[in-house]
Amino acid sequence: MACRISELVIDAADPERLAVFWSEVLGYVEVGREDDGSIEIGPPGTGFGGPQPTLVISPSSDPRPGKLRLHIDVNATDRDQDAELERLLALGARRVDVGQSGAEDWHVLADPEGNEFCLLHTRLRPV
């Protein structure tokens, strides 16, 4: 038997803002809130335990120590990469230089709190 990723947890200074951003990016909805201020978002009608992991955005005042050792990769499902890049930038993502050469077929971005993620080239079918 193997494991699968059920949820990803992101620490945030402003969980509400980050939950809205990632909900818009992924087409997710809020699926729950905890007393500690954590907000869980996931696919509509599925939530925790579905085929895609949920995101739990937890409040934290700890400063980020540097470059993340783990990041999220996303792929467009209903448009080409250029159109998706423009959509993500309009939502509040920003371009980030982490030493890429410029020849890559992906874009390195950061969410509103500076967490890096990549927009890959290949369009995927929606789940």
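**Phe117 and the two sheets of the predicted model**

With neighbours within four places in sequence set aside, Phe117 is in contact with Phe21, Trp22, His71, Ile72, Val74, Leu88, Ala93, His107, Val108, Leu109, Ala110 and Asp111. The structure described here is a predicted model. Phe117 is also among the residues with the most contacts inside the largest nonpolar core, a group that further includes Trp22, Ile41, Leu55, Ile57, Leu88 and Leu109. This core has 19 residues. At least two of its residues come from each of strand S1 (7–12), helix H1 (15–26), strand S3 (39–42), strand S4 (54–59), helix H2 (81–91) and strand S8 (116–119). The most is given by H1, with five residues. In soluble globular proteins, nonpolar side chains tend to be buried together.

The strand pairing around Phe117 was examined next. Four strands form an open sheet in the order S5-S8-S7-S6, and the pairing is mixed. S5 and S6 stand at its edges; each has a single partner strand, so one side of each is left without a neighbour in the sheet. The parallel component is the pairing of S5 with S8, which extends over three bridges. Within S8, Phe117 is the bridge partner of Ile72. S7 and S8 pair in the antiparallel sense over four bridges, and Phe117 is here the bridge partner of Leu109. Both Ile72 and Leu109 also appear in the list of contacts of Phe117. The hairpin of S7 and S8 has five residues between the strands, and in this hairpin Gly114 takes a positive phi near 90°. On the other side of S7, strand S6 (residues 94–95) pairs with strand S7 (residues 107–110) in the antiparallel sense over two bridges. Arg94 has Ala110 of S7 as its bridge partner.

His71, another contact of Phe117, is found in the loop between S4 and strand S5 (72–74). The two residues, His71 and Phe117, are 46 residues apart in sequence, whereas their C-alpha atoms are 5.4 Å apart in space. Beyond its neighbours within four places in sequence, His71 is in contact with Glu116, Phe117 and Cys118. The side chain of His71 additionally makes a polar contact of 3.0 Å with the side chain of Asp73. The relative accessible area of His71 is 39%, so this residue is classed as partly exposed, a class that lies between the limits of 20% and 50%.

A further open sheet of four strands has the order S1-S4-S3-S2, again with mixed pairing. Its edges are formed by S1 and strand S2 (29–33); each of these has a single partner strand, so one side of each is left without a neighbour in the sheet. From one strand to the next, the twist averages 25°. S2 and S3 pair in the antiparallel sense over four bridges, and Val29 stands opposite Gly42 in S3. H1 packs on this sheet and touches S1, S2, S3 and S4. The direction of H1 makes about 165° with that of S4.

The sheet S1-S4-S3-S2 and the sheet S5-S8-S7-S6 are both represented in the largest nonpolar core, to which S1, S3, S4 and S8 each supply at least two residues. Phe117 contacts Phe21 and Trp22, and Trp22 is itself among the core residues with the most contacts.

Methods:
Residues numbered from 1 in each chain as written. Predicted model: local features only at pLDDT ≥ 70, side-chain atom pairs only at ≥ 80, totals over all residues. Heavy atoms only, no water. Core = buried A, V, L, I, M, F, W, Y, C linked by side-chain atoms within 4.5 Å. Buried < 20%, exposed > 50% of the residue type's maximum accessible area, 1.4 Å probe, protein only. Contact = heavy atoms within 4.5 Å. Pairing = 2+ DSSP bridges. Axes fitted to C-alpha atoms, helices over the stretch in contact; angles between N-to-C directions. Polar contact = N/O pair within 3.5 Å; in protein donor to acceptor, adjacent residues only side chain to side chain.
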